[in-house]
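Visitor: I'm new here, and I'd like to know how the labels people use for a structure are earned. Could you show me one and take my questions?

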Amino acid sequence: MTTNRVNRVALIGAGAVGSSYAFAMLNQSVTQEFVIIDLDENKAMGDAMDLNHGKVFAPNPTKTWYGNYEDCKDADIVCLCAGANQKPGETRLDLVKKNLSIFKTIVDQVMASGFNGIFLVATNPVDILTYATWKFSGLPKERVIGSGTILDSGRFRYLLGEYFDVNPTNVHANIIGEHGDTELPVWSQATIGGVPVLELVRRHEPYTMDDLEDIFTNVRDAAYQIIEKKGATYYGIAMGLTRITKAILRNENSVMTVSAHLNGEYNLQDVYIGVPAIINRQGIRNIVELNLSEKEQTQLEYSADVLQNILADHFEVKPTY
């Protein structure tokens, strides 16, 4: 590798999520080069101008510009935020047909540039579209990553921190499965300061399992609540995408709940789904297999089955069972 090699991230889709991701990326100075690509060139141009005007206030200046698919050739990461948004009353899975055709066009153009980096997918339904990006691109599964349940897990940790009155960074808990209505909390492995959450509930009278179930319900339905109030969710997921990007570019070997391809892990086959994975410069180093309870395993299998039934309408998938 030459000494003048710099990190480049390409964003495709300058909507609310993409623009928020760009803002977070520049504020944290995660990469040296950042290119914004959008069908609406004026929007991409305006975002690049606006971001550049704040460059002097960032920890380190990031070279930022609006570009085209040719700029993906030298990108280390292409982050896909383009596509139709979830509307009030819609589930994430309702977006499948709208976004599959959009993604085919986008991924084909990215690959035509000579891109050989890592795809990071944020558009919903993220598990389905991450699988589609893997199929359309032909890249190794380790180099196609979806945002998965990173935001759900972040919401989970935040709400548990509020409930137990501790800093959420000291809460270790995961939401796994589909980023959507069939996701599940891994209560059996959730800890605060090393103490199992279920043990805290048993030991201390103010805490109840009913409260914990309410916390999970609020996590699962958070997007619906936010969409009803302001039309879309974008800040939280943008910060999650930035965290994944940082883990890749800095070769961190950090564990995050992302949409990863399973090939036998958790007894599941040929599905992208939210699970903990170790992330580094090569993408997904390996899947972290939690010791799930029997109930959690059944719930995860159901979540995967829902996704595979949708995938079967569009791709040849290997059945899990």
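Visitor: Why does Gln297 count as buried?

Guide: A quick heads-up before I answer: this is a predicted model. Now, buried means under 20% relative accessible area. Gln297 comes out at 17% relative accessibility, so it counts as buried.

Visitor: Where is Gln297, and what does Gln297 touch?

Guide: Gln297 sits in helix H10. Leaving aside residues up to four places away in sequence, Gln297 touches Tyr266, Asn267 and Leu292.

Visitor: Which other residues of H10 are buried, and what covers them?

Guide: Among them are Glu296, Leu300, Glu301, Ser303 and Ala304. Further along H10, Val306, Leu307, Gln308, Ile310 and Leu311 are buried too. Their cover includes helices H3 (96-112) and H4 (126-137), along with strands E8 (175-176), E9 (184-185) and E13 (269-280).

Visitor: How do you know that the span of H10 agrees with what a helix should have?

Guide: Count along the helix: H10 has 18 residues, 294-311, and at 1.5 Å a residue they should span 26 Å. The end C-alpha atoms of H10 are 26 Å apart, so the two values agree.

Visitor: What makes His53 exposed rather than buried?

Guide: For that label the cut-off is over 50%. His53 has 57% relative accessibility, so it counts as exposed. You'll find His53 in helix H2, residues 41-53. The C-alpha atoms of His53 and Asp313 are 46 Å apart, with their positions 260 residues apart along the chain.

Visitor: Why is H9 called largely enclosed?

Guide: Of the 15 residues in H9, eleven are buried, so the rest of the structure largely encloses this helix. Those buried residues include Ile237, Ala238, Gly240, Leu241 and Thr242, as well as Ile244 and Leu249.

Visitor: How do you know that the span of H9 agrees with its number of residues?

Guide: Use the 1.5 Å a residue rule again: H9, residues 235-249, should span 21 Å, and its end C-alpha atoms are 21 Å apart, so that agrees. Just after H9, Asn251 takes a positive phi of about 55 degrees.

Visitor: What makes H1 oblique to H9?

Guide: Start with the angle: the axes of H1 (residues 16-28) and H9 cross at roughly 50 degrees and come within 8 Å. Roughly parallel would need an angle under 35 degrees, and roughly perpendicular runs from 65 to 115. The angle here fits neither, so H1 is oblique to H9. The crossing is right-handed.

Visitor: Which residues meet where H1 and H9 cross, and of what classes are they?

Guide: On the H1 side there are Val17, Ser20, Tyr21, Ala24, Met25 and Gln28. They meet Tyr235, Ile237, Ala238, Leu241, Thr242, Thr245 and Lys246 in H9. By class, the contact of H1 with H9 has eight nonpolar, four polar and one charged residues.

Visitor: At what angle do H5 and H7 pack, and what classes of residue are in the contact?

Guide: H5 (residues 150-164) and H7 (residues 209-220) pack at about 145 degrees, their axes 9 Å apart. Their crossing is right-handed. H5 brings residues including Phe156, Leu159 and Leu160 to the contact, and H7 brings residues including Leu212, Ile215 and Val219. The classes are eight nonpolar, one polar and three charged.

Key
Residues are numbered from 1 along each chain as its sequence is written. This is a predicted model: local features need pLDDT of at least 70, side-chain atom pairs count only at pLDDT 80 or more; totals for chains, interfaces and linings use all residues. Side-chain values use heavy atoms; hydrogens and water are left out. Helices (H or I, at least four residues) and strands (E, at least two) are DSSP runs, numbered from the N terminus. The expected span of a helix is 1.5 Å times one less than its number of residues. Buried means under 20% relative accessible area, exposed over 50%, partly exposed in between (1.4 Å probe, protein chains only). Axes are lines fitted to C-alpha atoms, for helices over the stretch in contact, and angles run from 0 to 180 degrees between N-to-C directions. Angles under 35 degrees count as roughly parallel, over 145 as roughly antiparallel, 65 to 115 as roughly perpendicular and the rest as oblique. A crossing is left-handed if the near helix is turned anticlockwise from the far one by less than a right angle, and right-handed if clockwise. Contact means heavy atoms within 4.5 Å. Ala, Val, Leu, Ile, Met, Phe, Trp, Tyr, Cys and Pro count as nonpolar, Asp, Glu, Lys and Arg as charged, and the others, Gly among them, as polar.
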